[in-house]
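Here are a few short exercises to work through with the model open in your viewer. Try each one before reading its solution.

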Amino acid sequence: MSRTLFRNANIVLPDSVREGSVLVEQGVIIDIDASDNAAADHVVDCSGLHLMPGVVDDQVHFREPGLTHKEDLSTASHACAAGGVTSFLEMPNTKPPAITVDGVRAKEALAASKSLVNYGFYIGATPDNVAELNKATDVPGIKIFIGSSTGNLLVDEQEALERIFAETTLPICAHCEDETTVRANAERLAGTTDIRDHSNIRDEQAAIVATRRATELARRHQHRFHVLHVSTAAELQFLADPSPYLTAEICLHHIFFHVGDYARLGSRIQMNPSIKTEQDTRKLFDALLDGTIQVIATDHAPHTLEEKAQPYPNSPSGLPAVENSLALMLNQVAAGRCKLPQVASWMCDAPARVWGIVGKGRIETGYDADLVLVDMNRKKMITDESQHTKSKWSPWSGETLTGWPIGTWVGGHKVYDVDEGFDESARGNKLRFDHSRGGYWNTPDGIGPVD
């Protein structure tokens, strides 16, 4: 049986960092207090380095099928591996959209043949596909677009929303921007070519109305609901009172960019929901620290630079982020804004618990050996040309960060090394979901290994 010993590591645990050695056998962690001399086929010297659980990014758009000139499952998973992301959950708004079980299974088959890391795919809600949503099994959950989207994925009529929350059982997540508010703002600002008006069209009020509406539905129907990409401090009021049915996340662009950055970055930071004020960025980071928000995700949604360079409003919303997300937060640790166990909670453990991803998110006996080796002293500048995403750009290009992943293991198999590159033969696995465990609030000790 194949064994790997990670020797003399600073092991990032849920509530602490401690020195020790981790022993992995057949892709599973079998000992987190292993002897430095434990028998192993492979030994990884981790002296001076940190060993973290692999990142679980619960919100990505990898563009396959239908828009593979922007990204595909192969290029995206290479970017994941380089960035320490060992599992991703992909949204349904591909072409065609994944709004049937067969559509989800087709995407899983594509990932099985192409992805270096583990994968799962949401099923998308439409105004009339409740029956199909109830047929879905072994998926992370249901995605609703309460705001504009492609095809027939927009669901903003109250009757349809009530039906989805009342008649389905999978956990739900949603893009919360009120379509009526956005359209009224767009009409008022019709003809604008100023990129800064994107944040006036998709304004604070659009987010407030939709998030209030969705969280009220969740509480009333007692249905687990995850608020995607919270972008305003005002939305925190709907999350302040703890509820067994509500969790939430922020994305990196909403805590690192604000409306003042349009002047230097233009459409590179054009996103839906839009970038908000500098005050919002500070309060959203504080909400991570105080536990009001549980998850960090990327909303990785690449476009080509040629597409992004079109004059507003023809420029599309979306940016690539998976290969820099962990490093961006490690840099915050280096700056003293947070600690490594907190980063591991927000990016690894919490998303695994929210979506019931079995055996993921922690370095613990019995868990899958999805691991990232981190050098907290490594300094590197992000550049467009060094990106592994097919789009070949980053809104953080030119920034130098302290703390970088230097090796990534998926199921105990090394898929990326900073010096040796990728193992092109590696393939991730379809994630396993157990929603009976009750989600984030019912799994304080982790989602646990396979029973």
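For the first exercise, a residue counts as buried when its relative accessible area is under 20%. Keep in mind that this is a predicted model.

**Exercise 1.** Work out what share of the 451 residues is buried.

*Solution.* Apply the cut-off to each residue of the protein: buried residues make up 63% of the 451. Then turn to the surface, which comes to about 16,300 Å² of accessible area, with 47% of that belonging to carbon and sulfur atoms.

**Exercise 2.** Describe the fold in numbers, then explain why the protein can be called as compact as a globular protein of its length.

*Solution.* Start by counting elements: there are 13 helices and 18 strands. Next, take the radius of gyration, 21 Å; the globule rule gives 22 Å for 451 residues, and the two are close, so the protein is as compact as a globular protein of that length. Finally, box the C-alpha atoms along the principal axes and you get roughly 70 × 45 × 40 Å.

**Exercise 3.** Find which residues touch the most other members of the largest nonpolar core, and look at what surrounds one of them.

*Solution.* The core has 101 residues, and the ones to pick out are Ile144, Phe225 and Met329. Now zoom in on Phe225: leaving out residues up to four places away in sequence, its contacts include Phe165, Ile172, Tyr245 and Leu246. Apart from this core lies another, of 35 residues, including Val56, Leu228, Tyr367 and Phe433. As background, nonpolar side chains tend to be buried together in soluble globular proteins.

**Exercise 4.** Locate the mean positions of the positive and negative charges, and say how far apart they are.

*Solution.* Average the places of the 42 positive charges, then those of the 61 negative ones. The two mean positions turn out to be 2 Å apart.

Conventions. Residues are numbered from 1 along each chain as its sequence is written. This is a predicted model: local features need pLDDT of at least 70, side-chain atom pairs count only at pLDDT 80 or more; totals for chains, interfaces and linings use all residues. Side-chain values use heavy atoms; hydrogens and water are left out. Helices (H or I, at least four residues) and strands (E, at least two) are DSSP runs, numbered from the N terminus. The radius of gyration is taken over C-alpha atoms; the globule rule is 2.2 Å times the number of residues to the power 0.38. Buried means under 20% relative accessible area, exposed over 50%, partly exposed in between (1.4 Å probe, protein chains only). Accessible areas come from the Shrake-Rupley method with a 1.4 Å probe; for residues, only the protein chains shown count as cover. Lys and Arg count as positive and Asp and Glu as negative; His and the chain ends are not counted. The place of a charge is taken as NZ of Lys, CZ of Arg, CG of Asp or CD of Glu. A nonpolar core is a set of buried Ala, Val, Leu, Ile, Met, Phe, Trp, Tyr and Cys residues joined through side-chain atoms within 4.5 Å. Contact means heavy atoms within 4.5 Å.
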